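Here are some notes from going through the model, jotted down as numbered points. Have the structure open while you read.

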Amino acid sequence: VRSSVLALTGDLVLVLPWLLGLEGARYYLLVLSGLSLILTAVFCKIPGGVDFLKVNTTAGWYGSEADQQTATRNTQLRHAFNYFLSNRYFATPWITHGEWCTVLPFLMHPNRARHLLYERMWVETEDSEHIAVDWIFPPQGHDPSKPIVVLLTGLAPSQHWTETGGFVADAARFLSEEKGITAVVMIARGTMDTEVKENSFNGARVSDLHSALKRMQEATELAAASSSGSGSGSGSTGAAAAAAASPPIFAAGYSMGAIILGNYCSTYGAETRVRGIIHFSGVYDAVYNMKFEYCRRTWQVYLAHGLKTAFYRPRVRAAAARKGIDLSKIFDPAAKIESVQDFDEFYVAPFNGFKDVVDYYQAMSTMPESKASRVSIPTLAVAARDDPITHCDALHAKRLSELNPNLLFLITERGGHVGWPWGWLPWRKGFDFMNEAIALFVETCVLSSAASNEAAAAAAATTVGSKPTCRSDRDGKDDEKQKTHHEGKRERDQADADISETSCGSPSASAATTTASAATASA
């Protein structure tokens, strides 16, 4: 803001000589003053300003293709997104700074989701609170042949997602109306139009997401069983058939929602209840992001105001008072609780049992590496180098992509924070960069998984249809050539029978073993 004001002032000073018709020394003095102001705004640090933290991560795709099990999938994702960036997405040329890439999409986008209808489902959490999930079905109804996409919002929104019309609402509209995919918006506890009994939201809690996903999975399996009639089956057979028939669940998150998704995958590991995750403008190392002084002094002050308003509710204030925290101080200028980090240190960390804000941010993070290595599903982090809120270096893209082939990264040169304006007239496209990226990721993962299953089934069928071969078979055949035709034939038959029984087992047993192994690998 200071730089912009200084540059505009310089422009005005340059125009003054022409307006006033000045000549001589006064003319040149004003021109020199105007140019000095503009150059200071562009190249120098403004007095009282804060430097943007240096970015070390280069733009590009990060993902390992060395692991045999994930190489094909990762290669397909890389090709798909490289094509998307090269041939479809066109970054708005006249928005060149991360600040404007962040602000202008929010100011210019139309609310294209105001008309959406949703079905609300309540889920009980581990600590007996209740969270809401809003289901948005396509106009033609739920299509069980297509996946379900769960959307996680940013930091503690106060208005319902249909009213704000931001990126979450836009994604729900895009997925349901343009892609025919059922979308589910997860409402963080105590935000939007929901209340808590006592325990308010904190970014390190991933059990809420796990409970919600478990309930969604149960609901889709019940629906699949009802539609296919497999619910009449008995025992585990009917349950397995329903699980196989239910659509896969994917998830997409924004900002704080992105942080929660990364933490969820690294916390639950193989017990994760989604097939894949894509998230935007998140971090994997929240402690590292504390170095981002520029964000703390600017954007966090703005975000903290909304956070304070969302948490300043009677039940939350009463619960905080019982733990010795006076929430009324958050609006006291003398307390100097200005940024999100200040608020987390004053209220969120102590209320939720963390010893300090660093301990809280560590629990929120996907790091360290021992934790990040637990991620067991494809997880694509999308971030911009000019993001003014979450620093892209806090993703550790190069290091983590080499550590775990399931951790993938797309770093763009421009885009801001959950922005990525598109085209010469970006208000026409809204948040379509993220919308298209979600659809592309989900479709590529689904196709890759289907191709892998088909290849496994074909390999299993080939193996089942062929007679098992042993080294003893080959040795017997070599010995046969040295015997007489009549005697050798009789001995060969006996030898083959003995070998089949002792070394390889019967063909039917071998085929059953191969089929079981193939089924296990496919599962």
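The points below cover aromatic pairs, charges over rings, the nonpolar cores, a strand and some backbone oddities.

1. First, a caveat: this is a predicted model, so please read everything below as computed from that prediction.

2. Aromatics are a good place to begin, with 27 aromatic pairs in the structure. Take Y89 and W422: their ring centres are 5.4 Å apart and the planes meet at 80°, so this one is edge-to-face. Y89 sits in the loop between helix 3 (71-88) and helix 4 (98-108), while W422 is in the loop between strand 9 (407-412) and helix 18 (432-465), so the pair ties together parts 333 residues apart in sequence. Are these two buried or exposed? Y89 has a relative accessible area of 12%, so it is buried, and W422 is buried too, at 8%.

3. Compare that with Y360 and Y361, an aromatic pair that is tilted, with 5.5 Å from centre to centre and 40° between the planes. Y360 counts as buried at 3% relative accessibility, and Y361 counts as buried at 8%.

4. Y89 and W422 also belong to one aromatic cluster, whose members include W61, F81, F84, F106 and W420. F167, Y254, F280, F431 and F433 are in that cluster as well.

5. Two charges over rings are worth a look. R317 has its charged end over the ring of Y312, 4.4 Å from the centre. K323 lies over the face of F351, and here the distance to the ring centre is 4.2 Å.

6. Now the nonpolar interior. The largest nonpolar core has 73 residues, and V133, V150, M216, F311, Y347 and F409 are the ones that touch the most other members. Helix 9 (residues 256-268) contributes the most to this core, giving seven residues. As general background, nonpolar side chains tend to be buried together in soluble globular proteins.

7. What does M216 touch, leaving aside residues up to four places away in sequence? M121, V133, W135, V150, V184 and I249. There is also a second, separate core of 48 residues, and F84, A171, I187 and A439 are included in it. F84 is a member of the aromatic cluster too.

8. Strand 5 (residues 182-187) deserves its own point, as six of its six residues are buried. T182, V184 and M186 point one way from the strand, A183, V185 and I187 point the other way, and all are buried. V184 is one of the contacts of M216, and I187 is in the second core.

9. What does strand 5 pair with? Strand 3 (residues 130-136) pairs with it in the antiparallel sense over five bridges, and W135 has V184 as its bridge partner there. Strand 4 (residues 148-152) pairs with strand 5 in the parallel sense, also over five bridges, with T182 as the bridge partner of I148.

10. Please check the backbone at M367 and P368, which are joined by a cis peptide bond with omega of about 10°. P368 is in the loop between helix 15 (357-364) and helix 16 (369-372).

11. Two positive phi values also caught my eye. S281 is not a glycine, yet its phi is about 55°; this serine lies in the loop between strand 7 (276-280) and helix 10 (286-289) and counts as buried, at 0% relative accessibility. W420 has phi near 50°, again positive in a residue other than glycine. W420 is in the loop between strand 9 and helix 18 and is buried, with a relative accessible area of 0%.

Note on methods: Residues numbered from 1 in each chain as written. Predicted model: local features only at pLDDT ≥ 70, side-chain atom pairs only at ≥ 80, totals over all residues. Heavy atoms only, no water. Phe/Tyr/Trp six-rings, centres within 6.5 Å; stacked < 30°, edge-to-face > 60°. Helix = DSSP H or I, 4+ residues; strand = E, 2+ residues; numbered from the N terminus. Buried < 20%, exposed > 50% of the residue type's maximum accessible area, 1.4 Å probe, protein only. Lys NZ or Arg CZ within 6 Å of the ring centre and 35° of its normal. Core = buried A, V, L, I, M, F, W, Y, C linked by side-chain atoms within 4.5 Å. Contact = heavy atoms within 4.5 Å. Pairing = 2+ DSSP bridges.
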